[in-house]
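Biologist: I'd like to go through the labels people put on a model like this one. Can you take me through the reasoning behind them?

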Amino acid sequence: MSNVLEITDQDFETEVLKADKPVLVYLWANWCGPCRLVSPSVNWIAENYSDRLKVTKMEVDPNPVTVKQYNVEGVPSLLLFKNGEVAQFHEGAIGKQKLQEMIDNEL
């Protein structure tokens, strides 16, 4: 994930809540099969929307604070933040077209 910034609980506030443009947060886990299906779509979004969207990923197991704060119960989960607030939330596998629509609706 070359254009995707890996973040942790420690940098969540700086990288997401205080970002100067919308941020997509992709929550995933090594053991998650559907995450492997969603990753290429997240990479595509990172490559094609980098001028107006920051794309980050966070592994859920080592980052329980953020997971609990946003009531993430399953992975993959995608949270789209605008001005430090959750504008869109999707839990479960999602195709590239649906992910693109989710983002386009907020940008």
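Modeller: Let's start with rings: those of Phe, Tyr and Trp pair if their centres lie within 6.5 Å. This is a predicted model, and a search of the whole structure finds 4 aromatic pairs.

Biologist: Why is the pair of F12 and Y70 called tilted?

Modeller: Their ring centres are 5.6 Å apart, and the planes make 50 degrees. Planes under 30 degrees apart would be stacked and over 60 edge-to-face, so what is left is tilted. The two come from distant parts of the chain, 58 residues apart: F12 sits in helix α1, Y70 in the loop between α3 and β4.

Biologist: And what makes Y70 and F81 an edge-to-face pair?

Modeller: Here the centres are 5.3 Å apart and the planes stand at 90 degrees; edge-to-face needs over 60, so the label fits. F81 is in strand β4, so this pair ties the strand to the loop that holds Y70, 11 residues apart in sequence. Ring pairs join F12, Y70 and F81 into a cluster.

Biologist: How do you know whether Y70 is buried or exposed?

Modeller: Buried means under 20% relative accessible area. Y70 has 18%, so Y70 counts as buried. F12, at 4%, is buried, and so is F81, at 2%.

Biologist: Over to α4. What makes you say that its buried residues line one face?

Modeller: The buried residues there are L99, M102 and I103. Looking down the helix axis, they fall within an arc of 95 degrees, so they line one face. Q97 and K98, on the other side, are exposed.

Biologist: What covers that buried face?

Modeller: The cover includes β2, α2, β4 and β5.

Biologist: Why are β1 and β5 called edge strands?

Modeller: The sheet is open, with 5 strands in the order β1-β3-β2-β4-β5 and mixed pairing. β1 and β5 each pair on one side only, and that makes them the edges. α4 packs on this sheet, touching β2, β4 and β5, and its direction makes about 20 degrees with that of β4. As for β4 and β5, they pair in the antiparallel sense over 6 bridges, and L78 stands opposite H90 in β5.

Biologist: Which residues touch the most other members of the largest nonpolar core?

Modeller: L24, L78 and L99, out of 34 residues in that core. β2 gives the most to the core, with 6 residues. Among the contacts of L78 are L24, V38, V42, L99 and M102.

Note on methods
Residues numbered from 1 in each chain as written. Predicted model: local features only at pLDDT ≥ 70, side-chain atom pairs only at ≥ 80, totals over all residues. Heavy atoms only, no water. Buried < 20%, exposed > 50% of the residue type's maximum accessible area, 1.4 Å probe, protein only. Helix = DSSP H or I, 4+ residues; strand = E, 2+ residues; numbered from the N terminus. Arc of directions from axis to C-beta. Contact = heavy atoms within 4.5 Å. Pairing = 2+ DSSP bridges. Axes fitted to C-alpha atoms, helices over the stretch in contact; angles between N-to-C directions. Core = buried A, V, L, I, M, F, W, Y, C linked by side-chain atoms within 4.5 Å. Phe/Tyr/Trp six-rings, centres within 6.5 Å; stacked < 30°, edge-to-face > 60°. Lists of a residue's contacts leave out its neighbours within four places in sequence.
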